[in-house]
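Q: I have a model open on my screen and would like to learn how to read it. Could you walk me through it, feature by feature?

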Amino acid sequence: MTTNTNSAGSGGKTRHEVCPVSELPPGKKKIVQVGNLTIGVFNVKGEFYALANVCPHQLAPLCEGRVTCETIAPEVGEYELIREGEIIQCPWHGWKFDIATGNSVFNPHKLSTPTFDVAVETPPTDDDGEDETANEDGTDVEGSDQQAEYGTELMGDQPPIDTYEVEVEAEVVVLYV
């Protein structure tokens, strides 16, 4: 996890890169350490949420529990499972919390666990989706400046050194604490 202490992001909070979006598909969670806080980051059907990894009941590691659903009974003898993948169940005593709000399913007005802001961010690009640091012909802007500064010119079409392709992850999950 990468922490950017220079950037005051959402509400003046510190920005922490959790992982590329591809490493946290829908239905998965990742537990990270941010200072003295342990936080669970969840992908619920493509939306990202973060909860303190602590159950307010007896301080169990809440985010280590099972991601589950709610059960309702429309009639006696019948039941339905709803909100599949939106509820976390405490591993110690089975208390359930809404992953999106941190509120208890059984007593949402009195019990909750802290939540944190999460965002999916992409590196800056121009309107064409191209890297803003490259010229139209694909050469690096800084490289052109260096060429003029050092008085060198490329001979032929091939660069004088080996080059390698570099891929940049398009989106990262970012946590603000």
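Q: Let me start with a pair of facing residues: which residue in β7 does V67 stand opposite?

A: Happy to help, and please keep in mind that this is a predicted model. Across from V67 you will find I88 of β7. The strands involved are β6 and β7 (residues 80–89), which pair in the antiparallel sense over six bridges.

Q: In what order do the strands of that sheet lie?

A: To read a sheet, follow the pairing from one strand to its partner. Here three strands make an open sheet, ordered β6-β7-β8, with antiparallel pairing. β6 (66–72) and β8 (96–98) are at the edges with a single partner strand each, so one side of each has no neighbour in the sheet. From one strand to the next, the twist averages 60°.

Q: What about the loop between β6 and β7: is A73 buried or exposed there?

A: For this we look at relative accessible area, where exposed means over 50%. A73, which sits in the loop between β6 and β7, has a value of 58% and is therefore exposed. Setting aside neighbours within four places in sequence, A73 is in contact with E78 and Y79.

Q: Now a loop residue elsewhere: is N53 buried or exposed?

A: The cut-off on this side is under 20% for buried. N53 lies in the loop between β5 and β6, and its relative accessibility is 11%, so N53 counts as buried.

Q: What does N53 touch, apart from its neighbours within four places in sequence?

A: N53 is in contact with I31, T38, I39, A60, P61, L62, C63 and E64. For L62, look at the polar atoms too: a polar atom of the N53 side chain is 3.2 Å from the L62 backbone nitrogen.

Q: How many residues lie between β3 and β4 in their hairpin?

A: In a hairpin, look at the turn and then at the pairing. Two residues lie between β3 and β4, and G35 in the turn has a positive phi of about 60°. The two strands run antiparallel and are joined by six bridges. Within this pair, V32 faces I39 of β4.

Q: Which residues of the largest nonpolar core touch the most other members?

A: To read a core, ask who belongs to it and which elements supply them. The largest nonpolar core has 14 residues, and I39, V41, V173 and L175 touch the most other members. At least two residues each come from β2 (14–20), β3 (29–34), β4 (37–44), β5 (47–52), β9 (115–121) and β10 (172–176). β5 gives the most, with three residues.

Q: And what surrounds V173 in sequence-distant contacts?

A: Leaving out neighbours within four places in sequence, the contacts of V173 include H16, V18, L24, V41, F48, V118 and A119. Apart from the largest core lies another, of eleven residues, and F42, L62, C63 and C90 are among them.

Q: Finally, how many helices and strands does the chain have?

A: There is one helix, and there are ten strands. Along the sequence, the pattern reads β-β-β-β-β-β-β-β-β-α-β. Of the 177 residues in the chain, 25% are buried. Among contacts with a separation of 6 or more, 49% are between residues 24 or more positions apart. The chain exposes about 12000 Å², with 48% of that supplied by carbon and sulfur atoms.

Key:
Residues numbered from 1 in each chain as written. Predicted model: local features only at pLDDT ≥ 70, side-chain atom pairs only at ≥ 80, totals over all residues. Heavy atoms only, no water. Pairing = 2+ DSSP bridges. Helix = DSSP H or I, 4+ residues; strand = E, 2+ residues; numbered from the N terminus. Axes fitted to C-alpha atoms, helices over the stretch in contact; angles between N-to-C directions. Buried < 20%, exposed > 50% of the residue type's maximum accessible area, 1.4 Å probe, protein only. Contact = heavy atoms within 4.5 Å. Core = buried A, V, L, I, M, F, W, Y, C linked by side-chain atoms within 4.5 Å. Areas by Shrake-Rupley, 256 points an atom, 1.4 Å probe, with all protein chains shown as cover. Polar contact = N/O pair within 3.5 Å; in protein donor to acceptor, adjacent residues only side chain to side chain.
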